[in-house]
Amino acid sequence: MASQYSVTVVTGDAENAGTDADVFITLIGTNGKSKEISLDNSANNFEKEHIDVFNLKSTDIGNVDLG
């Protein structure tokens, strides 16, 4: 069964805080973990002092471990 997750990334304001690299996330929860998911959309993500929100679909991992 697929579930929806929202991930918010806040990029700092330090010099060279942004990145143009490919960024991935693995969600870990009480029922297991997701596959590696690319954090990418049509916006110019991960720029200095930006807030990027990603809406992801994954298998149900249960309650997310915020570690």
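This passage describes the overall fold, the principal pocket and two loop residues of a predicted model.

The protein contains 6 strands and 0 helices, and from the N terminus its elements follow the order β-β-β-β-β-β. Along the principal axes, the C-alpha trace extends over about 40 × 25 × 15 Å. Of the 67 residues, 24% are classed as buried. The accessible surface amounts to about 5000 Å², and carbon and sulfur atoms contribute 47% of this area. Among contacts between residues at least 6 apart in sequence, 67% link residues at least 24 apart.

The largest pocket encloses about 150 Å³ of space. Its lining is formed by 13 residues, and those lying nearest the centre are Asp 20, Ala 21, Leu 39, Asp 40 and Phe 46. By residue class, the lining of this pocket comprises 5 nonpolar, 4 polar and 4 charged residues.

Two loops were examined through one residue each. Lys 48 belongs to the loop that connects β5 (37-38) with β6 (51-59), whereas Gly 18 is located in the loop between β1 (2-10) and β2 (24-25). The C-alpha atoms of Gly 18 and Lys 48 are 4.5 Å apart, although 30 residues separate the two along the chain.

Lys 48 has a relative accessible area of 39% and is therefore partly exposed, since this class covers values between the 20% limit for buried residues and the 50% limit for exposed ones. Beyond its neighbours within four places in sequence, Lys 48 is in contact with Thr 11, Gly 12, Asp 13, Ala 14, Glu 15, Ala 17 and Gly 18. For one of these residues, Ala 14, the C-alpha atom is separated from that of Lys 48 by 7.6 Å, with the two positions 34 residues apart in chain numbering. For another, Asp 13, the backbone oxygen lies 3.5 Å from a polar atom of the Lys 48 side chain.

Gly 18 is likewise assigned to the partly exposed class, because its relative accessible area is 33%. With neighbours within four places in sequence set aside, the contacts of Gly 18 are with Thr 11, Phe 46, Glu 47 and Lys 48. Thr 11 thus appears in the contact lists of both Lys 48 and Gly 18. Phe 46, a contact of Gly 18, is also one of the residues nearest the centre of the largest pocket.

Definitions and conventions: Residues are numbered from 1 along each chain as its sequence is written. This is a predicted model: local features need pLDDT of at least 70, side-chain atom pairs count only at pLDDT 80 or more; totals for chains, interfaces and linings use all residues. Side-chain values use heavy atoms; hydrogens and water are left out. On a 1 Å grid over the protein atoms alone, a cavity is a set of points where a 1.4 Å probe fits but cannot get out, and a pocket is an open set with protein on both sides within 12 Å along at least five of seven lines; lining residues have an atom within 4 Å of a point. Grid points are joined across faces, edges and corners, and a volume is the space filled by probe spheres set on the points. Ala, Val, Leu, Ile, Met, Phe, Trp, Tyr, Cys and Pro count as nonpolar, Asp, Glu, Lys and Arg as charged, and the others, Gly among them, as polar. Helices (H or I, at least four residues) and strands (E, at least two) are DSSP runs, numbered from the N terminus. Buried means under 20% relative accessible area, exposed over 50%, partly exposed in between (1.4 Å probe, protein chains only). Contact means heavy atoms within 4.5 Å. Accessible areas come from the Shrake-Rupley method with a 1.4 Å probe; for residues, only the protein chains shown count as cover. A polar contact is a pair of N or O atoms within 3.5 Å; within protein, one must be able to donate a hydrogen and the other to accept it, and residues adjacent in sequence count only if both atoms are side-chain atoms.
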